[in-house]
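Me: Could you take me through one part of this model slowly, since I have not seen it before? I would like to begin with how its surroundings are laid out and then stay with a single element.

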Amino acid sequence: MELLSGADMLIRSLQDEGIEYIYGYPGGAALHIYDALFRQDKVKHILVRHEQAAVHMADGYARATGKPGTVLVTSGPGATNTITGIATAFMDSIPMVVLCGQVASHLIGEDAFQETDMIGVSRPVVKHNLSVRHPEEIPEVIRKAYYIAATGRPGPVVVDIPKDMTTPNERYEYSYPKKVKLRSYNPAIRGHAGQIKKAVDMLLAAKRPVIYAGGGVILGKASNQLTELTRMLGYPLTNTLMGIGCYPASDKQHLGWLGMHGTYEANMAMHHSDLILCVGARFDDRVTNATEKFCPGARIIHIDIDPASISKTVEADVPIVGPVDAVLKEMLALVKESKDKPDADALASWWKQIDEWRAFHGMRYETSPDVIKPQEVIELLCKLTNGEAFVTSDVGQHQMFAAQYYKFDKPNRWINSGGLGTMGFGLPAAMGVKLTHPDDEVLCITGEGSIQMNIQELSTCKQYNLPVKIINLNNQALGMVKQWQDMNYESRHSQSYMESLPDFIKLAEAYGHVGVRIEKKEDLESKLKEVLAMKDKLVFVDIYVDRFEHVYPMQVARGSMKDMWLSKTERV
Amino acid sequence: MRRIISVLLENEPGALSRVVGLFSQRNYNIETLTVAPTEDETLSRLTVTTTGSDKVIEQITKQLNKLIEVVKLVDLTEGAHIERELMLVKLKATGSQRAEIKRTVDIFRGQIVDVTSSVYTVQLAGDSDKLDGFIQAVGTSGVLEVVRTGVSGIARGEKVLSL
């Protein structure tokens, strides 16, 4: 058997795990590991400019590819800088392994230089964390970390590695475990047959059904099964912000997404439904609005891999714990062989009602002859990229506009921080996507507030040649904060203005990229075309958009699903 | 409603803090907590008493089950069970009080385990209500110090919490 140092074992374990990229930043406690990285070329390391960005990059990679991302940082500040990124991944159930250096074992607890209790600090925002107590454990710990991160309901796993675990001159026998077994961790591999049967019977008997799908469909790689079942039944489908792309947005059975800024028809259909089939979503507060007023006439079937997501905020009538792809496959088979068929008359009148709702609002917005509307920028981008781009976003109004007006027909292409709402996520996430999808268009739709939270990564983009397109919807304010202040604080714009914005064009140029400013509406299309034609260049597009625009529809606070503002003056 | 949740936990560093952390992170209430290794040295048994609506208790058990190091758990209050808590109390005991305290200790089937000229140290085991009852009976004015272990529990009959 081969003898390897702890550091070499760690890198070999990553190779044997099939890891292509790690994103990170070196420092004292991780130097043995960085030396082992240097002496091989299978695992490629991407050097970021701030550790938070390394985590978002790994996250973007994971969301686009469905494979776990990997991060490597040093102890102390290196490790604590990853926390926001880890929490972001945790809230959206993104598989990821974060390897953190730690001070040597004999120094732990002594307030040593760059010492932080990373196991303690990360505990509330990880699926699990592990620390290495002996170098020989490294292959098993790494195998376990990826196994836990990627199975069941995925999530981030932190591995804490004291420096003495990776000492170069101490060598141990290396072998990478093929399998890992944990007696206390056995994610469900199929749903309960009786519950599935019951669900199908209810589904076929429904008069006003809605399918409500979430990010779990994308994580569970169940888009095909969901699409097939939905089409077979002919039922309307809405998805969450995290579920965008799990069902083709251009399909007529798709109602758009639901919730706080969801479409009028999706929220109305939910409220008036008699049966909700929830697939891999979690009845989050940005979806349900006030839970006590939530969908009063609906019975609920809830499929989720995580039992704790079921009946957490809204009681399920038929809970089904299991992987969504396996459960949907069984449901499909039962629907096919069932003698019962959906009630055609009931369904026809349900669709008639839904089409009326759709016609009533239809995601309209006011246009202006001279001011650029953020919505039209997104619509244009969708047209110019044939709806095929990978789109990452930051957090705020631009995120909602991007999600509302870019039509995604495929999963894994809409990449945003839905749960935690992390500003600064968009650019590094886009970099993680571009790295593995060099031939695809990758757009980072952002705002002048969010982009400045990780703008230093323009430097990383230069180093690794990552020609993403940054679409800065510049409204010279923290738009979503300002919108809430307009609506709830009598327009007292407390700290929501950006009074000294940098010249983004010069900034992009300083980092070695191209900057393009668009101020006039008549230039919008031609300039965007020019930008998209620059295939091998990172282009920072600074677009001056309407400073007073709000995101609509917007659910009325503490109301039901159907209580919405449809414009600044129109409330239903 | 008060519940007693009994948990088999991997006997590993950090496992306990995950359980305790979960309660504070999710705003659940811990009334008592006891933990010790079992006959199987790889496992610890943890007993937590908590209060909450049925919905909250369901979430607590689900969230506990999600922790990787939780091997198995049971809500003992769902069935017939035995609960015990141990209490050590230092009581002021002078003059006529001494006989009176001794009688009360006997009634509660406790033991005086340490004696000085002015202090009795009493050991008492039972469910939590019995221990509360004892303190009430002797009167809080004479109580110098109280230490309670928190509740341990086990199901009645043949039901067993094991691997």
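Reply:
**From the domains to one helix**

The C-alpha centres of domain 1 of chain A and domain 2 of chain A lie 38 Å apart. The model is predicted, so local features need pLDDT of at least 70 and side-chain atom pairs count only at pLDDT 80 or more, while totals for chains, interfaces and linings use all residues. Residues are numbered from 1 along each chain as its sequence is written, and chains are lettered from A and ligands numbered from 1 in the order in which they are written.

The assignment for chain A, which is automatic or from a database, gives domain 1 (3-173), domain 2 (193-361) and domain 3 (374-551). Six residues of domain 1 of chain A are in contact with six residues of domain 2 of chain A, where contact asks for C-beta atoms, placed from the backbone, within 7 Å. Between the chains, the contact takes 13 residues from chain A and 14 residues from chain B. Within chain B, the side that touches chain A draws its largest share, five residues, from α2(B).

The element to look at closely is helix α4 (residues 128-138) of chain B, in which Leu131(B), Phe134(B) and Val138(B) are buried (20 or more other C-beta atoms within 10 Å of the residue's own; exposed is 12 or fewer, partly exposed in between). Seen down the axis of α4(B), these buried residues fall within an arc of 55°, so they line one face of the helix; the arc is that of the directions from the helix axis to the C-beta atoms. On the other side of α4(B), Asp129(B) and Gln136(B) are exposed. What covers the buried residues of α4(B) includes β5 (81-92), α3 (97-107), β7 (119-126) and β8 (143-148) of chain B, where helices (H or I, at least four residues) and strands (E, at least two) are DSSP runs numbered from the N terminus. After α4(B) comes Gly139(B), whose phi is positive, near 85°.

Technical notes: Two residues are in contact if their C-beta atoms, placed from the backbone, lie within 7 Å.
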